[in-house]
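Thanks for coming. I will go through one structure today, starting with the ligand site and ending with two backbone angles.

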Amino acid sequence: MKFLVLNGPNLNLLGEREPDIYGAATLADVEADCMALARDLGCEVDFRQSNHEGGMVDALHDVRHTHQGVIINAGAYTHTSIALRDAINGINLPTIELHVSNIHAREEFRHHSMIAGACLGVIAGLGTSGYGLAVRALHSHLSS
Ligand code: CA2
């Protein structure tokens with residue numbers, strides 16, 4: 001069982017600024033935690049980040065025949081990208097939308113997600129521990 005964990009724009013800065021919103025863990029810390037958890041669960045995680053909408057679409061297409069599920073933190077593209085929604089629908093893999101912060105408790109423009117309707121479920125506001133929860137949720141969804 002192999003999952004893509006795909007991170008969008010600016011998430012490479014995680015842990016460097018705005019720790020009050022996003023916490024102190026870096027994206028490398030999150031990746032290491034996901035890898036360790038995947039090893040325990042007996043699955044594989046492929047961890048990627050792109051600052052470009054097209055790069056994210058390409059990453060989704062790349063895994064359509066090789067992976068069984070996707071966890072996506074689309075960053076600000078969450079709120080704008082019909083292309084990402086179409087790509088998630090197009091690859092037909094169970095996908096969990098993830099946000100470190102609670103997008104519903106922030107500015108109004110963050111309340112709407114373009115991709116949520118194409119996803120199996122959404123995790124938001126639980127900090128970077130949400131990544132591990134998403135790996136567990138996808139693993140349990142695909143095992144049942
Ligand atoms: O809460 C999340 O995970 C978000 O997807 C993060 C995005 C934001 O646009 C979404 O509305 C919610 C922003 C990621 C920016 O990450 C930074 C981390 C540290 C310093 C600066 C930016």
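**Ligand site and two loop residues**

I'll start with a polar contact: the side chain of N73 has an N or O atom 2.8 Å from an oxygen atom of the ligand. Keep in mind that this is a predicted model.

Two backbone contacts go with it. A polar backbone atom of N10 is 3.5 Å from a ligand oxygen, and for A76 a backbone N or O atom lies 3.4 Å from an oxygen atom of the ligand. On its own the ligand has 510 Å² of accessible area, and the protein covers 95% of that.

Where does the ligand sit? The space it takes is the largest pocket. Around the ligand there are 17 residues, and the closest are N73, H79, V100, S101 and R110. By type, that shell splits into eight nonpolar, six polar and three charged residues.

Now the backbone. Most residues other than glycine have a negative phi. N10, whose backbone we met at the ligand, has a positive phi, near 75 degrees. N10 belongs to the loop that runs between β1 (2-7) and α1 (19-22). Is N10 buried or exposed? N10 counts as exposed, because its relative accessibility is 52% and the cut-off is over 50%.

The other residue to look at is N92. Its phi is also positive, near 55 degrees, and N92 is in the loop between α4 (82-91) and β4 (95-99). N92 has 68% relative accessibility, so N92 counts as exposed as well.

That's what I have; questions are welcome.

Conventions:
Residues numbered from 1 in each chain as written. Predicted model: local features only at pLDDT ≥ 70, side-chain atom pairs only at ≥ 80, totals over all residues. Heavy atoms only, no water. Near = heavy atom within 4 Å. Polar contact = N/O pair within 3.5 Å; in protein donor to acceptor, adjacent residues only side chain to side chain. Areas by Shrake-Rupley, 256 points an atom, 1.4 Å probe, with all protein chains shown as cover. 1 Å grid on protein atoms, 1.4 Å probe; cavity = no way out; pocket = protein on both sides within 12 Å on 5 of 7 lines; lining within 4 Å. Sits in = over half its atoms within 2 Å of the grid points. Nonpolar A, V, L, I, M, F, W, Y, C, P; charged D, E, K, R; others polar. Helix = DSSP H or I, 4+ residues; strand = E, 2+ residues; numbered from the N terminus. Buried < 20%, exposed > 50% of the residue type's maximum accessible area, 1.4 Å probe, protein only.
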